Amino acid sequence: MIRWFGHGRRTIAARPKGSIRVAPFLFRHPVASLGVFVAAVAIIGVPVGPARAQGKVEATYRATLAGIPIGSGSWIIDIGPKHYAGAASGRASGLVRVLVSGEGSSTVRGVVNKQGRLIPSIFSANIHSHESYDVRMEMSGGNVKSLKNDPPVTESPDRVPLTDTHRRGVLDPMTALMIAVPGTGEVVSGEACRAKLPIFDGRQRFDLALSFKRMETVETEKGYSGPAVVCSASYVPIAGHRPGRYVIRYLQETRDIEIWLAPIAGTRVLIPYRVSIPTLFGNAILQAAQFESEAQAPSPSRAANPSERPARGS
């Protein structure tokens with residue numbers, strides 16, 4: 001599903017229409033299954049605490065398979081008092097790039113309502129691999145109002161059909177990367193893992209069921225150092241997928257997927273610091289090398305443009 005997160009601020013700014021893909025890419029390429037679940041980590045309608053909170057994060061990630069580098073990317077998120085935005089891009093690297101050429105980018109924009117909920121408005125994704133396509137969705141209140149797939153999804157008798165019902169009460173996979181923690185207690189807590197997340201990426205509808213596993217202490221090479229909450233994740237396909245595909249069955253049966261979440265300063269939102277998925281070739285791991293986050297002074301205009309240079313901090 002998701003493509004490896006991207007290559008930094010300039011790349012993100014240069015791809016305004018791009019977007020990370022979570023479902024299809026992962027399911028067609030086992031080495032990308034990691035990305036799928038990162039993007040799948042979503043939450044719709046969970047209170048984010050004080051709606052006036054504002055923070056920004058710039059993170060860079062490295063992807064490995066059995067310890068071998070296979071990709072890299074970056075992610076910028078800006079959460080303001082009334083709006084939020086995110087941009088990410090990335091590509092395969094090393095031997096994987098020879099075997100599976102590919103890169104992708106994504107953007108999302110949305111609003112923070114009076115209850116502090118993150119409500120996506122526009123999501124777009126651009127994927128270049130053995131199969132290239134663009135996805136653009138306009139959303140309102142968790143419902144997809146318009147959807148464009150270019151090229152369109154190929155009809156197939158073995159694909160579970162998507163209906164209008166599957167486009168209601170959902171999150172896009174970019175907002176899905178942001179886990180809001182309700183209440184006023186500890187942000188980095190098991191509460192973040194207590195959710196069943198409804199996700200629609202424009203081509204597939206699935207749930208990601210989370211449960212609390214444990215707490216860890218993490219330290220990035222640059223930026224964040226502190227607690228992270230570890231969630232177990234289960235993939236539940238609903239529509240748009242092909243049940244007979246090996247990777248679909250494998251992900252359904254896998255019970256050792258872990259998502260480690262770390263906080264965005266100034267907010268009650270957590271995003272993935274690390275994702276681990278077992279594969280036949282060893283663990284696929286996506287982990288932050290840089291995770292710089294800082295609370296921001298109220299500035300809705302800044303939240304509307306995540307491609308600006310982010311504030312530094314940890």
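Q: Which residues make the nonpolar surface patch of about 390 Å²?
A: In this predicted model, residues enter a patch only with over 30% relative accessible area and no salt bridge. The nonpolar patch of about 390 Å² is made by Y246, L280 and F281.

Q: Is F281, in the loop between β14 and β15, buried or exposed?
A: F281 lies in the loop that runs between β14 (269–279) and β15 (282–295), and it contributes to the nonpolar surface patch together with Y246 and L280. The relative accessible area of F281 is 57%, and because the cut-off for the upper class is over 50%, F281 counts as exposed.

Q: Which cysteines does the disulfide join, and where do they lie?
A: A search of the whole structure finds one disulfide, with an S to S distance of 2.0 Å. The pair links distant parts of the chain, 38 residues apart, with one partner in the loop between β8 (179–180) and β9 (195–200) and the other in strand β12 (residues 225–239). Both partners are buried, and they are, in the order of those two locations, C193 and C231.

Q: What is the handedness of the disulfide of C193 and C231?
A: The torsion about the S-S bond of C193 and C231 is about -75°. The disulfide is therefore left-handed.

Q: Which residues touch the most other members of the largest nonpolar core?
A: The largest nonpolar core has 67 residues. One of the three residues asked for touches, among others, L177, M178, I179, V229 and L261, when residues up to four places away in sequence are not counted, and this residue is L270. The three that touch the most other members are L270, I271 and F291.

Terms used. Residues are numbered from 1 along each chain as its sequence is written. This is a predicted model: local features need pLDDT of at least 70, side-chain atom pairs count only at pLDDT 80 or more; totals for chains, interfaces and linings use all residues. Side-chain values use heavy atoms; hydrogens and water are left out. A disulfide is a pair of cysteine sulfur atoms within 2.5 Å. Helices (H or I, at least four residues) and strands (E, at least two) are DSSP runs, numbered from the N terminus. Buried means under 20% relative accessible area, exposed over 50%, partly exposed in between (1.4 Å probe, protein chains only). Patches are made of residues with over 30% relative accessible area and no salt bridge: like charges are joined within 9 Å, nonpolar side chains (Val, Leu, Ile, Met, Phe, Trp, Tyr) within 5 Å. Accessible areas come from the Shrake-Rupley method with a 1.4 Å probe; for residues, only the protein chains shown count as cover. A salt bridge is a side-chain nitrogen of Lys or Arg within 4 Å of a carboxyl oxygen of Asp or Glu. A nonpolar core is a set of buried Ala, Val, Leu, Ile, Met, Phe, Trp, Tyr and Cys residues joined through side-chain atoms within 4.5 Å. Contact means heavy atoms within 4.5 Å.
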